[in-house]
Amino acid sequence: LTASEARALFLVAGQASAATPAVKAALRKLVHALPEPFRLQAEAAAASLVMDPQRWGANRIEHRPPRFLDELQDAVIRGVQVRLGYVDGKGAETVRTVHPLGIVAKGPSWYLVSGTEAGRRTFRIDRVSSADPTDDPVHRPEDFDLAESWREIADKVDRGRTPLEIQAVCVPHGIGLLRMALGGRLEVGDSTPDGRIEVVIRGYDEYTLAGELSGLVEWLEVTGPPGVRDHLASIGNALVERYG
């Protein structure tokens, strides 16, 4: 290991780490095998960073790993199929054999990406009711990449949650504000002849999105669909009536 590699490695053993106690214990043992200069820097790296995931003013909630996380991660590593009990969002329980391909942590939630008879599926691990490994090997596609697969899954979910797209133009100095307010729901396009910038914004429905954008009219002009413009006009009239 180089000095920079040792420092990077031992960042995962510190207070900011989401690693399991076993991983942290193994790394603490490994640090004692490093040469003296590396060991001092590695120990400093482990104590150099603290992460507090709670926003200011938010309730402090301890998110514990789901019950079957270790069993499913072990199945992914060993490459064996799992007999999986699963409770869906409506409370219906099913049992199926899956081919575990990888595990993803999304905020406080954990997901299992698997191959099934119906194609590739994603399961929330906190909804898993049983996980029984088999001796049968996983059928893993040769071109499978977990990070790329998750990007496709996350994009599909995001678009399903925000099915409406509106078109608008924004003054250049307002783009940064839109990025902060809308995040991944904003797509920035080309400049218009008058110097403004075309944007596409995704939302849940016309009324909700109009309410969200009503405070941005100083920088943004919605060009379509007409229903969103109508809702913005109605919101504007209500504001004038209330505060004019």
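## Two hairpins and a pocket

Strands S2 and S3 form a hairpin with two residues between them, and Gly107 in that turn has a positive phi of about 60°. This comes from a predicted model. S2 also forms a hairpin with S1, this time with five residues between the strands. The second largest pocket, with a volume of about 460 Å³, is the other topic here.

**Strands S2 and S3**
- S3 covers residues 109-116.
- S2 and S3 run antiparallel, joined by seven bridges.
- Ala105 stands opposite Trp110 in S3.

**Strands S1 and S2**
- S1 spans residues 80-87, and S2 spans residues 93-106.
- Six bridges pair S1 with S2 in the antiparallel sense.
- Gly85 stands opposite Val95 in S2.
- Gly91 sits in the turn of this hairpin and has a positive phi of about 90°.

**Side chains in strands**
- In a regular strand, side chains alternate between the two faces of the sheet.

**The second largest pocket**
- The volume of this pocket is about 460 Å³.
- Its lining has 17 residues, and the closest to the pocket centre are Tyr111, Thr122, Trp150, Ile153 and Val157.
- Two elements give two or more residues to the lining: strand S4 (119-124) and helix H5 (146-161).
- H5 gives the most, with nine residues.
- By class, the lining has eight charged, seven nonpolar and two polar residues.

Conventions
Residues are numbered from 1 along each chain as its sequence is written. This is a predicted model: local features need pLDDT of at least 70, side-chain atom pairs count only at pLDDT 80 or more; totals for chains, interfaces and linings use all residues. Side-chain values use heavy atoms; hydrogens and water are left out. Two strands pair if DSSP finds at least two bridges between them. Helices (H or I, at least four residues) and strands (E, at least two) are DSSP runs, numbered from the N terminus. On a 1 Å grid over the protein atoms alone, a cavity is a set of points where a 1.4 Å probe fits but cannot get out, and a pocket is an open set with protein on both sides within 12 Å along at least five of seven lines; lining residues have an atom within 4 Å of a point. Grid points are joined across faces, edges and corners, and a volume is the space filled by probe spheres set on the points. Ala, Val, Leu, Ile, Met, Phe, Trp, Tyr, Cys and Pro count as nonpolar, Asp, Glu, Lys and Arg as charged, and the others, Gly among them, as polar.
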